[in-house]
Structures are given as C-alpha cells and as structure tokens.
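User: Please go through the helices of this model and the surface beside them. I would like the reasoning with each answer.

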Amino acid sequence: ILFRSPTHTTMKRKTIGMVLLGLAAFALVGSGAAKLFAEPEAGMPARFLAMKSYLAIIEFLIVIALAIPKTRKLGIILAASYFGGVIAFQWLIEGQAFPLVGVILNTLLYAGAALYYPSVTDGGSGVAD
C-alpha cells in the first residue's frame, strides 16, 4: 500500500499512546499492590509505614481515572504529579543520584499522553479533545 489514510495513522498513534499510558498504569497497580500486600522494608520509618495504605489508595484512584475515557486527562495530570513526587522522594529522601524509576515512568506517561492527545504538545488548549 503506497498511501495510508490519516485515520490509519491517527489510530496507530492513539494505540501506541494507550499502550504507553497502560504501562504507566500497570506500574501504579503493581506499586499499589506492593504497598498493600508486601512486607515492609527493614528500617523504614514508622511515618512512612503509616502512609503506605494511603499511597496505595491514591495509586489505585489514579489508575481508575486513567481507565475511564472521560477522566483520562485528569488521570494523566494526577499520574504526572505523583511520578514527580516519586522523583523528588528518590532524589531528596533516598539520596539517589538519578531517580531512574520516576523519570522512566514520567517519560512513558508523557509520551503516551502526547501520542494519545496530540493537543498536549501542539500548544492548543486541548479542551476539544
């Protein structure tokens, strides 16, 4: 086929974007499940242990917002904010030189959002999408 319709390209872009958003959501589900069901790490301060269940609930709510088409943009904003917090925590509290996990997840999320909603990167308001 020498000519591909714009609709085909748009569908492909949206599919890849949804897969990337799904990977970020999958990471949130795994992280939330680990916070609820895994044994706590040795030496973790009590104040962090008390917040684990709240963080897990927040992660699950973000995944729900990402899964529902009408709230997907809100889910993207919430996930980006959450991953920004992950980056800050890894960098400032854990003392990692480069917070790789948070950066990778935020990059997946942003790339998925840019492919699924091109208005995110074209300078438009994105309200009509």
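User: Which residues of α3 are buried, and where do they lie around the helix axis?
Analyst: This is a predicted model. In α3, the buried residues are Arg72, Gly75, Ile76, Ala79, Tyr82, Phe83, Ile87 and Gln90. Viewed down the axis of α3, these buried residues fall within an arc of 150°, so they line one face of the helix.

User: Which exposed residues sit on the face of α3 turned away from its buried side?
Analyst: Exposed here means over 50% relative accessible area. On the face of α3 turned away from the buried side, the exposed residues are Ile77, Ser81, Leu92 and Ile93.

User: How far apart are the end C-alpha atoms of α3, and what span should its 22 residues have?
Analyst: Helix α3 covers residues 72-93. At 1.5 Å a residue, its 22 residues should span 32 Å. The end C-alpha atoms agree with that, being 30 Å apart.

User: What residue with a positive phi follows α3?
Analyst: The phi of this residue is near 75°. The residue that follows α3 is Gly95.

User: Which residues of α4 are buried?
Analyst: Helix α4 takes in residues 100-116, and its end C-alpha atoms are 24 Å apart, in agreement with the expected 24 Å. Its buried residues are Gly102, Leu105, Leu109, Gly112, Ala113, Ala114 and Tyr116.

User: Why does Ile57 count as partly exposed?
Analyst: Ile57 lies in helix α2, residues 46-67, and belongs to a nonpolar surface patch with Leu61, Ile64 and Ile68, about 370 Å² of accessible area together. Partly exposed lies between the cut-offs of 20% and 50%. Ile57 counts as partly exposed because its relative accessible area is 47%.

Technical notes. Residues are numbered from 1 along each chain as its sequence is written. This is a predicted model: local features need pLDDT of at least 70, side-chain atom pairs count only at pLDDT 80 or more; totals for chains, interfaces and linings use all residues. Side-chain values use heavy atoms; hydrogens and water are left out. Helices (H or I, at least four residues) and strands (E, at least two) are DSSP runs, numbered from the N terminus. The expected span of a helix is 1.5 Å times one less than its number of residues. Buried means under 20% relative accessible area, exposed over 50%, partly exposed in between (1.4 Å probe, protein chains only). The arc is that of the directions from the helix axis to the C-beta atoms. Patches are made of residues with over 30% relative accessible area and no salt bridge: like charges are joined within 9 Å, nonpolar side chains (Val, Leu, Ile, Met, Phe, Trp, Tyr) within 5 Å. Accessible areas come from the Shrake-Rupley method with a 1.4 Å probe; for residues, only the protein chains shown count as cover. A salt bridge is a side-chain nitrogen of Lys or Arg within 4 Å of a carboxyl oxygen of Asp or Glu.
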